[in-house]
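Hi,

Here is the structure I said I would pass on. Have a look at it first, and my notes follow underneath.

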Amino acid sequence: MIEIGSNGVGAGTENSIVVAMSGGVDSSVAAYLLSKTGAPLVGVSMQVWDYKKNSDENSRATCCSPADFCDARRVAAKLDIPYYVVDFEATFEREVIQRFIDTYEQGLTPNPCIDCNTKVKFRELRERALGFGCSHVATGHYARIKKSHNGYHLLRGRDLEKDQSYFLYTCRQHELEHTLFPVGDYTKPEIRAIAREAGLPTADKAESQDICFVAGSLQDFVTKIGSSRGRGDFVTKQGVKVGEHEGIHRFTVGQRRGLSLGGMAEPMYVVEIDPHANKVVVGSKSDLRREGFKVREMHWVNPDLIQKVAAGVFPFECEVTAQVRSRHRGVRARIKVLDESACYITWIDDWAAVSPGQAAVLYDLENEELLAGGRIAKEA
Amino acid sequence: MALYFGPLVSRRLSTTSGKDYRALFVIIDCDANATYSPDEDIQEFISAHWGSLGNPSSLHRGGQRARALLEEARSSVRALLGTSDRSQVVFTSGATEANNTCIAFGAGRKGRLLSSQIEHPCVLEPLHCLTSQGRDVALVAPDSDGVVTPDALEAFLSPDTAFVSLMAANNEVGGINDIEEVVTRVRRRAPQALIHTDAAQLVGKAEVSFERFGVDLLTLSGHKLGALSGVGAIVVREGVLVAPLLRGGAQEGKIRGGTENVLGIATLGAVAEAIRWDLAGRIEGMRRLRDEFELLLLKALPDCVINASGRERLSNTSSVFVPGVRADDLVVALDLEGILISSGAACSSGKPEPSHVLTAMGQDTEKVRSTVRVSFRAEYAPGALERVVESFIRVVARMRRITTEGRSRYD
């Protein structure tokens, strides 16, 4: 006789939830909090990357390695929910890794976490969850979803230190409707405390790093995985050669460290990357300042804004808080919406250096609700 | 001792998660080729012998009782396999150890080692290892039904062939190889060769006769028959002096060192006995379920393809290509419905790998990705098959609809 216990009872029926479990503390607590509500749950770990194949030292990268799946499996067993490792390698390779490399090749700054959320977590995982008969997907992201009379609103996580809404700006209304972020209402210390109290084996696990599939140095990874770029020149804005670099994929606009340019009068920053000439343009901090910049591939998240864009009367303007990097607090800016896929952003008082390719994510003036987001374009 | 093999269905009322969704949750296990999980009779059998057993090598009565159980099990396995008293039955920790032992023994001889591409990993991996050590190892390809024909195998035979290992039936697709005919050909073309068959999947699903096969070594697995896992056996022809893989004490005729897993082996003996008394009924029960399943499935989903359907194959196994559906997802979705099937073979890693069997059969990636295995037990509760078919059809339809909707929503 196979005794499966209550494990899985009700899962696969309407209103059951697939919870993405990386083996970290956040998604473990997400699963735990949901299990307390009595909702039917299915734990899923997403196999996105073959660490054995892609890592020299066979090191434990950051998350989603086989050891992490063991942790996820233990948490699932503790919560008495069914648990599966599901293969997403093909999609991840195509939509995240390849795009990551291509973006570097173009001299732009990639953001693989956003691509992963868009194409892997909130598209393919959702489809596969529906295939399992589950209507909702839950993750351990620090963000919140609020329902109003006209739709769903995406808010920053309550813990602003951990807030991950920036990576979620591609969420569509129908996705938000069927998504749960159970840890978004808590701070990280609270999450750890909950994990400890519940006796979850992942309670004291270390934080994961930024890019899950890179075990060692990011630049070495890009070099190894397929960048064909060789050495090139560092030049000033005036075109004077001031040194040599080991490939443009090693740099991002705004970067100061690792330039190894001695003898300059003031600290040097990367102000531009020219992939065609294989040049990295450097300058002073003030050279980074741009009065305005264009954002493409816009995703509209706030329901009112979605309606306004759908009305099709362009251009229109509004004031927002613009966040241009994951670790940026956001500053006030004016946006001019050019059409449904592009807008132009100008700073109001304060400013921030922008890296073409990075995401510009727009929040309301309270800097709490995420309104829209897109990719910073290279041209002005 | 009489054993009744009842239906494998677990009825259970959920009480843990409160009032929200108390439900009758019934598990229907259609993954018998992975493990034929022991019936309650085995639990009773174990309880009956619990605590009374010593080390079977001990002189005292505790040892004697254990030894008696071992020998009773040995004679039950002999009887099930139609083995003459002169052949030896050696118990191991499972088919993996049994097969490793046979291959290591075969590799002790000079000459070519011959096997097939669709063997279980516990045959293939030791052979790959020997290849990397410079041995001449040839692996015969199956035909498109996953059957290794005597002609295909014969083409690889030469007088210097030292060892031939061919599975009696394939675990994933269910194709049955003509071992008798293969043995005839090997004896003719390579009279020196030692012949082994891995019969882990055939035993209990067809009549298996060691003497009629004419092989030198036959291996089997306990948990594929309904015994506890951790038990296997090698049947050794008289005069074949197998060298031990595990060296230690003089247990198992000095072919396998280490204290025997007495209770596990005893369960193998018990199921062997039970199967022997009703083999025909058991096979017929499995075949009826399989045929009914395939008939109903194809009626509702005519684009599905049953692998090896025109061939002699395992009475309980349906290997089904379901176009447009990821096999692994179908396994998960059906598990959530309480129906246990598998995609290809059971894998120990947790991460599904593409099936080497289907690949060797020449199937493209899409077919490999979309093929599931349904392998029946001999008996189920009334209505179980109908529920399996109903769930299968409904889940496949749902998955196909979602793929289509997803495309139209995003593209």
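In which hand of crossing does α5(A) pass α13(B)? The crossing is right-handed. Before you read on, keep in mind that this is a predicted model.

That helix pair is a good place to begin. The two partners are α5 of chain A, residues 112-131, and α13 of chain B, residues 384-410. Their axes are 9 Å apart, and the packing angle is about 150 degrees. Since angles over 145 degrees count as roughly antiparallel, that is how α5(A) and α13(B) run relative to each other. On the chain A side, the contact uses Arg123(A), Glu127(A), Leu130(A) and Gly131(A). Across from them, α13(B) brings in Arg398(B), Met399(B), Ile402(B), Gly406(B) and Tyr410(B). By type, the residues of this contact come out as four nonpolar, two polar and three charged.

Next, the layout of chain B. Domain 1 covers 9-37 + 279-410, while domain 2 covers 42-277. Taken over C-alpha atoms, the centres of these two domains of chain B are 29 Å apart. Where they touch, 25 residues of domain 1 are in contact with 27 residues of domain 2. On the domain 1 side, α9 (279-300), β11 and α11 (356-360) of chain B each give at least two residues. The largest share there is from α9(B), with four residues. That same side of domain 1 divides into 10 nonpolar, 10 polar and five charged residues.

Finally, a few backbone details to look up. Most residues other than glycine have a negative phi, and most peptide bonds are trans. Here are some exceptions:

- Glu252(B) has a positive phi, near 50 degrees. You will find Glu252(B) in the loop between β9 (232-236) and α8 (262-277) of chain B. Glu252(B) is buried, because 22 other C-beta atoms lie within 10 Å and 20 or more is enough to count.
- Ala308(B) also isn't a glycine, yet its phi is positive, at about 60 degrees. Ala308(B) sits in the loop between β10 (305-306) and β11 (317-321) of chain B. Ala308(B) has 23 C-beta neighbours inside 10 Å, so it counts as buried.
- In chain A, the peptide bond from Phe314(A) to Pro315(A) is cis, with omega near -10 degrees. Pro315(A) belongs to the loop between α9 (303-311) and β13 (316-323) of chain A.

Over to you!

Methods
Residues numbered from 1 in each chain as written. Chains lettered and ligands numbered in written order. Predicted model: local features only at pLDDT ≥ 70, side-chain atom pairs only at ≥ 80, totals over all residues. Buried ≥ 20, exposed ≤ 12 C-beta atoms within 10 Å, placed from the backbone. Axes fitted to C-alpha atoms, helices over the stretch in contact; angles between N-to-C directions. Parallel < 35°, antiparallel > 145°, perpendicular 65-115°, else oblique. Left-handed = near helix turned anticlockwise from the far one by under 90°. Contact = placed C-beta atoms within 7 Å. Nonpolar A, V, L, I, M, F, W, Y, C, P; charged D, E, K, R; others polar. Domains from an automatic or database assignment.
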